[in-house]
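User: Please take a close look at the ligand site in this model. I would also like an account of the sheet and the helices that lie across it.

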Amino acid sequence: MKFIETRGNDGQKPSSVLFSEAILSPSASFGGLYVPEKLPNLDTTFLEGHLSSHYKILALDFLTNFGIDIEKEVLEAALNRYDAFDDPSNPVPLSKIEEDCFVAELYHGPTRAFKDMALQPFGYVLSKLAQKRGEHYLIMAATSGDTGPATLETFKDQEGVQVACLYPDGGTSDVQRLQMVTEDAENLKVIGVEGNFDDTQNTLKELLASEDFKEELAARDIKLSAANSVNFGRIIFQIIYHIHSYLELVRKNEISMGEKIYLVVPSGNFGNALGAYYAKKAGLPIEKILITSNVNNILTDWIKTGAYDLTSRELVQTESPAMDILKSSNIERIMFDKFGPTRTKELMDDLATKGKSQLTEKELSSLQEDFTASYSDDAECEAVVGAYAKKEYIMDPHTATCMKAYETLREKNLKTVVYSTAEWTKFSPSVAKSLGHEVKDDTEALKWVSANTNVSVPAMIEGLFAKPIKHTVVVKKEDIKGEMLRFL
Ligand SMILES: *Cc1c(COP(=O)(O)O)cnc(C)c1O
């Protein structure tokens, strides 16, 4: 199986690469991304064959059918990372919250957010590739909260990979910060940056673009890779849980094989939703994918009108910070799939030069065959969290954006899977507030919510507050390069 480029080929890079190459060096011609040339088949025969499979068996078969150049033993060991999830027999449990609505909980891994679903096995695969080639990679991440902890956790103590993680000092929750600064491993570096998330991300971009930083890396024989969802190595693991959710509904006799369902996906960089799209395209019986956002609702506009317009927007901070995103990187892969490389390059160039792009009527209706969208503001999310708490289901603010879509966007009476992308413990002050109790910090919120509802705080979150702090560096933008070179 080969991977090709979303914006076409520039005559310098190879026009197609193997999976290993696409994940080690995820940047394609003209700043584009790698996409698979074709997808494995998810027809009824495949699905029926996995009705009683464990998640890992389903995953291994799917990955094998993909024909990627990673040895079976490596894939098996990577998937064994799911054994450390809450329930090793099922890493993604499905909870029924309405007669026709189910929550697939993607947060039962070590950092309590859905990023673990892909980053756990991906981190193992990438490190093994680096070791096999005798190469040394640096992964740099700017995080507003969930990607950082999950990236550090997956690569800790893995040979061949060093990770540097930048976060805005004061811009994350206590739990998220502690998850990063208490990580104890030689190959990890966590740096607080004075400023907000935008400053942090821009600092990282400047550093990665700077010639003398590149020279310093080359002098140390270090290559750069990426662990965000531009890397297809993450996307491939994000197709699998959509298949699993479908099979869970069949197993529970909620649907019969072949019956269509809706998926509701709280979205930012669109990696989760892209996984759902690929599953649908490969044959999984999905009626439509419902995309949800917070007030940073650029995706809602895009799917409703075909306009992707950055010029009229400023990023707003919300209670669902993992979705506070305006430049959503994976819609490019949807564009490529539907409109081809020439048009994708044109649309992406428009976005870069004019700050906006516009689909034609025909393109828009093609997009709407697979997607529909809505958004919820913080007050609506609070009301949803409060309402479900009364029904004894505690959800986080990201998950809460799904419920309006479930209530208003469905055109048919079909069973619906809503994705829960974070455990409430990561956003406990917001959850406490939704339950009518204002608190000053995470410690107090965790205590209050667990004392007043049916949920408890998992050991890895509780333990964070007693763990020694290993990373104390907080620097000004200008000092990041020096700090990085000391680490390397
Ligand atoms: C990353 C994240 C999202 C957004 O997922 P994308 O794949 O980037 O669309 C939603 N919720 C939470 C809690 C996340 O961490």
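Analyst: The ligand surroundings are described below, followed by the sheet and its helices. The model is predicted, and the values given here are computed from it.

Around the ligand stand 15 residues, of which Lys115, Asp146, Gly268, Asn269 and Thr421 come nearest. By character, this shell divides into six nonpolar, seven polar and two charged residues. Backbone and side-chain atoms both take part in the polar contacts. A polar backbone atom of Asn269 is 2.8 Å from an oxygen atom of the ligand, and a polar backbone atom of Asn272 is 2.9 Å from an oxygen atom of the ligand. Thr421 contributes a polar side-chain atom, which lies 2.8 Å from a nitrogen atom of the ligand. Of the 380 Å² of accessible area that the ligand has on its own, the protein covers 96%.

The sheet is open and mixed in its pairing, with six strands in the order β3-β4-β14-β9-β10-β13. Strands β3 (94–98) and β13 (371–375) are at the edges and have a single partner strand each, so one side of each is left without a neighbour in the sheet. From one strand to the next, the twist averages 25°.

Within this sheet, β9 (residues 261–266) and β14 (residues 416–420) run parallel and are joined by three bridges. Tyr262 stands opposite Thr416 in β14.

Two helices complete the picture. Helix α12 (residues 271–281) lies across β9, β10 (286–293), β13 and β14, and runs at about 170° to β10. Helix α13 (residues 298–305) lies across β10 and β13, at about 140° to β13.

How values were computed:
Residues are numbered from 1 along each chain as its sequence is written. This is a predicted model: local features need pLDDT of at least 70, side-chain atom pairs count only at pLDDT 80 or more; totals for chains, interfaces and linings use all residues. Side-chain values use heavy atoms; hydrogens and water are left out. A residue is near a molecule or strand if one of its heavy atoms lies within 4 Å of it. A polar contact is a pair of N or O atoms within 3.5 Å; within protein, one must be able to donate a hydrogen and the other to accept it, and residues adjacent in sequence count only if both atoms are side-chain atoms. Accessible areas come from the Shrake-Rupley method with a 1.4 Å probe; for residues, only the protein chains shown count as cover. Ala, Val, Leu, Ile, Met, Phe, Trp, Tyr, Cys and Pro count as nonpolar, Asp, Glu, Lys and Arg as charged, and the others, Gly among them, as polar. Two strands pair if DSSP finds at least two bridges between them. Helices (H or I, at least four residues) and strands (E, at least two) are DSSP runs, numbered from the N terminus. Axes are lines fitted to C-alpha atoms, for helices over the stretch in contact, and angles run from 0 to 180 degrees between N-to-C directions. Contact means heavy atoms within 4.5 Å.
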